[in-house]
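Let's take a walk through this one together. Pull up the viewer and follow along from strand to strand, then out to the rings.

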Amino acid sequence: MHRVVHCRGSVCNNSWMSTQVEAEVLLEKVGRAGVITINRPKVLNALNLPMIRQIYPQLKKWENDKETEIVIIKGAGGKAFCAGGDIRAVTEAGKAGDPLAEDFFREEYILNNAIGACKKPYIALIDGITMGGGVGLSVHGRFRVASEKTLFAMPETAIGLFPDVGGGYFLPRLRGKLGLFLALTGFRLKGRDVQRAGVATHFVESKKIPDLEKELVDLKSPSADDVSRVLESYQNQSSLDSEKPFVLDKHMSDIDRLFSASSVEGIVQNLKADGSEFANKQAETLARMSPTSLKITFKQLQAGAALSLPDVLVMEYRLSQACMRGCDFYEGVRAVLVDKDQSPKWNPSTLEELSDQTVEQCFSSLGEKDLTF
């Protein structure tokens, strides 16, 4: 095994431990596999710009390297794969007019697209919390392996953002209105349900994942089919929770019916009129979300259903910059992540106060500042 990192600290030389910090990303060549380990376990492997700037060039290099057959990405620490982007840093930059507020989203989305376009089998071991930016590092790859420890969500509408990192591409492609439901409510899926929803491609028990990884790394010139066979064999040995139905099974027809309105207001109306316990709960959830975020997200998924991943990311970059210009994103981060009072004051505070024209403007071209690949 050899490291290909500009190593910092204990990664290379344990005697440095006392003076050096551990690298935030480990990039290793193991056999014929390139292995990416997100290594910030204390902050649930939150993704920041320096990490993106290490992963992207290495991914491109491995993609063009004859000696590298597959790419594996995983999280360190046993709790999270990656719980999201380092959003606090982004909002602080936005307030200060620091270019990080543009660079973070631009470079993150370029990485998301590279994962989607990767010519080599890309295998994300999402054995833990996988939200927001962590979804962007996994869901566009060819293989996503969930375990009983996986916790998936796109919780952005609660912080005045929208389900970005290509959410506009993968969410509308889930069955029925499931993607729109997950996008608007931030509903959390756990374990086997992440695969049942179509977010993960496979389910393997957490304790078997180290063996699975070893077997993948030891494959001799594997094709995508070879990788598939290995994943399927491990999935077949994983019977945990297989008898439990999908958590939303009994609600799927309700979700499809209630979330097929032509606007967010229409969905809220449907939920209130329905009056079932499930519908009431969703109406309460939506009432806590940023009205601006809900309307942007609705339109984002509607448009994204017919777009390619790169085109979705161009659209989402425009939306990210609209959020940086607005106020709900800052207020949401304050209420949920900084002060943690969980009571954001959204502006506008109701769906009705928000005109279609205002929403439309969020989707406008940024001219030469548009995202390009």
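Start at L125: its bridge partner in β8 is V145. Keep in mind as you click around that this is a predicted model. The pairing belongs to a parallel arrangement, with 4 bridges joining β6 (residues 122-126) to β8. On its other pairing, β8 also runs parallel to β11 (residues 202-203), this time over 2 bridges, and there V145 stands opposite H202. So what do the side chains of β8 (residues 143-146) do? F143 and V145 point one way, R144 and A146 point the other way, and all four are buried.

Now go back towards the N terminus, to β2 (residues 25-30). Here 6 of 6 residues are buried. V25, L27 and K29 face one way, while L26, E28 and V30 face the other. The partner strand is β3, which pairs with β2 in the antiparallel sense over 6 bridges; L26, for instance, has T37 as its bridge partner. Just 2 residues lie between the strands of this hairpin, and G31 takes a positive phi near 60° there.

Follow the chain out of β3 (33-38) and you land in the loop that leads to α1 (49-63), which is where R40 sits. Is R40 buried or exposed? With a relative accessible area of 16%, R40 counts as buried because the cut-off is under 20%. Beyond its neighbours within four places in sequence, R40 is in contact with E24, N45, A46, L47, N48, M51 and D86.

For some wider context, an unreviewed UniProt entry annotates residues 34-363 as "domain: Enoyl-CoA hydratase/isomerase". Across that stretch the chain is 50% helix and 10% strand, and its end C-alpha atoms are 37 Å apart.

Next, the rings. The whole structure holds 7 aromatic pairs. One of them is F329 with Y330, a tilted pair with centres 6.2 Å apart and 45° between the planes. F329 is buried at 1% relative accessibility, and Y330 is buried too, at 15%. Elsewhere, F181, F187, F259 and F278 form one aromatic cluster.

Two rings also have a charge sitting over them. The charged end of R173 lies over the ring of Y169, 3.9 Å from its centre. For K299, the ring in question belongs to F363, and the charged end sits 5.2 Å from the ring centre.

Terms used: Residues are numbered from 1 along each chain as its sequence is written. This is a predicted model: local features need pLDDT of at least 70, side-chain atom pairs count only at pLDDT 80 or more; totals for chains, interfaces and linings use all residues. Side-chain values use heavy atoms; hydrogens and water are left out. Buried means under 20% relative accessible area, exposed over 50%, partly exposed in between (1.4 Å probe, protein chains only). Two strands pair if DSSP finds at least two bridges between them. Contact means heavy atoms within 4.5 Å. UniProt positions are given in the numbering used here, feature names are shortened, and annotations may be inferred rather than shown by experiment. Rings of Phe, Tyr and Trp (its six-membered ring) pair if their centres lie within 6.5 Å; planes under 30 degrees apart count as stacked, over 60 as edge-to-face and the rest as tilted. A charge sits over a ring if NZ of Lys or CZ of Arg is within 6 Å of the ring centre and within 35 degrees of the ring normal.
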